[in-house]
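Here is a friendly note to read alongside the structure. Please take the points in order, with the model open beside you.

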There are 2 protein chains.
Amino acid sequence: MRNTDSIIRRAEKLCASRGTRLTKKRKYVLTGLLESDKALSAYELIDVCKEKYDEDIPAMSVYRILEFLQSEYLVHKLNTASKYASCANIDDDKVGCYSQFLICRSCSKVKEVGLKPSMMAELQATVQDASFKLVNPQLEMNCLCEDCV
Amino acid sequence: MRNTDSIIRRAEKLCASRGTRLTKKRKYVLTGLLESDKALSAYELIDVCKEKYDEDIPAMSVYRILEFLQSEYLVHKLNTASKYASCANIDDDKVGCYSQFLICRSCSKVKEVGLKPSMMAELQATVQDASFKLVNPQLEMNCLCEDCV
DNA sequence: AATTTGGATGTTATAATGTAACATCAGCTC
DNA sequence: GAGCTGATGTTACATTATAACATCCAAATT
C-alpha cells in the first residue's frame, strides 16, 4: 500500500539527511509521478501540476526538478520512452538496486521489478567481456500491458 | 570479417526475396551504418551520405529509409540513444535473435551481443508474471567503452 | 513505345523533447 | 538589512521525429 503522504514525508527526510530540500514544486512533481501508474513526460507533468495544484511550472524547471529527483533516487528516467516514473522503492530500503522496467508502449503503464543478482551478474559479464563498463544497469522492456494487448 | 560489399549484396538478395528493393539511397544509408562502429542519428546519416556519396537525402527520407531497413531486419533502432545501428548478423543466419546492446554513452560505440536463451526466458518470465506482454526483447545497456572510460 | 500504377522520394510545416545562458527570487547567515 | 547560495524564471534554440501532401520513377501492361 503506497500512501502518497507518507512517501512524501519519507522523501523529505531523505533530502534533509542529505542537505537538500524537497521544495513545494519538487513535491508537486514527485506527487504527480507517485499518483500515476504510468510514466509521464516532462510536459505531461506540467499539465498535471497545473490541473491538480493550479501551479504553473515552466518546462525548464520541470526538467531541473526531475534531474534533482533522480539525483535523490526518487525518480527514474525511462530512456526508451523519454518519460519519468517514481522509484518503486522510496518507501522501503532497497534504494538503488538494479531494476527491470516493464513499459507499455501503448499507454506508458510501468511496472518496476527488482533484477535477480544472478541475472545482473550475467549481463555484467557480457559487458566486461566486450571491454565496456556498465554505467547504469537499468533494463527497459518494450511491452504491452494487460489492458492494451 | 565484415565486408561491406558482400553484406550489401546479401541484403539485396534478402530484399529481393521479400519483394522489396534496396534502392541506391537505402544502400547509402545502410552502408553508412555498416561502416561505422558507432550508432548514428538520422541527421548524422544525412551528413555521412553527403560527405561520402555527395548525396542529399532529406531528413524525412532518411527516417523512412531507416524504417524500411528495420522492417527488413537490417538495422536496429537504439531507443535509449535515439540512434541507429546495422544488425550484427546480416552476414550470417541468426537473423532476428534477441540481442543485448552495449552502447557507449559518450561516443555511441555499439556492440551487439546475442542473448542466452536462458536469460531471455527469465526476463520473459518476469514480464508474464506482471501480466505484461513483451513486444521487443532488445536490451540496451548504458555503458562506457574502453576508450571513453 | 506509351500508359498506368504503386512504391519511393521530396517539400513544407510542425510537434515533442531537451538544454544553454543569463536573470531573478527566496530563504538563510552574519 | 546585506550578502550569499540554491531554486526558479525567461528566452532562445537544438535535436529528434512525424503528418500531409506533391512529385518522381521504374516496372508491368497495353
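1. Start at DNA strand D, where the side chain of Arg26(A) has an N or O atom 3.2 Å from a phosphate oxygen. Lys25(A) also reaches a phosphate oxygen of this strand, with a polar side-chain atom 2.5 Å away. From the other chain, Tyr84(B) places a side-chain N or O atom 3.3 Å from a phosphate oxygen of DNA strand D. A polar contact here is a pair of N or O atoms within 3.5 Å; within protein, one must be able to donate a hydrogen and the other to accept it, and residues adjacent in sequence count only if both atoms are side-chain atoms. The elements giving two or more residues to the surface near DNA strand D are helix 2 (24-34) and helix 4 of chain A, together with helix 4 of chain B. Helices (H or I, at least four residues) and strands (E, at least two) are DSSP runs, numbered from the N terminus.

2. A word on how to read all this: the model is predicted, local features need pLDDT of at least 70, side-chain atom pairs count only at pLDDT 80 or more, and totals for chains, interfaces and linings use all residues. Residues are numbered from 1 along each chain as its sequence is written, chains are lettered from A and ligands numbered from 1 in the order in which they are written, and side-chain values use heavy atoms, leaving out hydrogens and water.

3. Which residues come nearest to DNA strand D? Of the 17 around it, they are Thr23(A), Lys25(A), Ser61(A), Arg64(A) and Lys77(B). Sugar and phosphate make up 54% of the atoms of DNA strand D that come within 4 Å of the protein. A residue is near a strand if one of its heavy atoms lies within 4 Å of it. Helix 4 of chain A gives the largest share of this surface, four residues. The surface near DNA strand D has seven nonpolar, four polar and six charged residues; Ala, Val, Leu, Ile, Met, Phe, Trp, Tyr, Cys and Pro count as nonpolar, Asp, Glu, Lys and Arg as charged, and the others, Gly among them, as polar.

4. Now turn to DNA strand C. Of its 17 surrounding residues, Lys77(A), Thr23(B), Lys25(B), Ser61(B) and Arg64(B) come nearest. Arg64(B) has a side-chain N or O atom 2.5 Å from a base nitrogen of DNA strand C. Phosphate oxygens are approached by the side chains of Ser61(B), at 2.8 Å, and Tyr84(A), at 3.3 Å. Of the atoms of DNA strand C within 4 Å of the protein, 51% belong to sugar or phosphate and the rest to bases. Helix 4 of chain B contributes the most to the surface near DNA strand C, with four residues.

5. The two protein chains also meet each other. In all, 34 residues of chain A are in contact (heavy atoms within 4.5 Å) with 34 residues of chain B. About 3000 Å² is buried between chain A and chain B, 71% of it on carbon and sulfur atoms. Buried area is the accessible area (1.4 Å probe) that two parts lose on being put together, summed over both. Met119(A), Phe132(A) and Met141(A) supply 20% of the area chain A buries against chain B, more than any other three residues.

6. How many salt bridges does the rule find across the interface of chain A and chain B? There are two, a salt bridge being a side-chain nitrogen of Lys or Arg within 4 Å of a carboxyl oxygen of Asp or Glu. Lys116(B) forms one with Glu122(A), their closest N and O atoms being 2.7 Å apart. Between the chains, 14 residue pairs are in polar contact, both residues at pLDDT 80 or more. Strand 6 of chain A, with six residues, has the largest share of the side of chain A that touches chain B.

7. Strands pair across the chains too. Strand 5 of chain A and strand 6 (residues 139-144) of chain B run antiparallel and are joined by three bridges; two strands pair if DSSP finds at least two bridges between them. Asn136(A) has Asn142(B) as its bridge partner.

8. Last, some backbone details. Tyr73(A), which is not a glycine, has a positive phi near 60° and lies in the loop between helix 4 and strand 1 (75-78) of chain A. Ser82(B) likewise is not a glycine and has a positive phi of about 55°.
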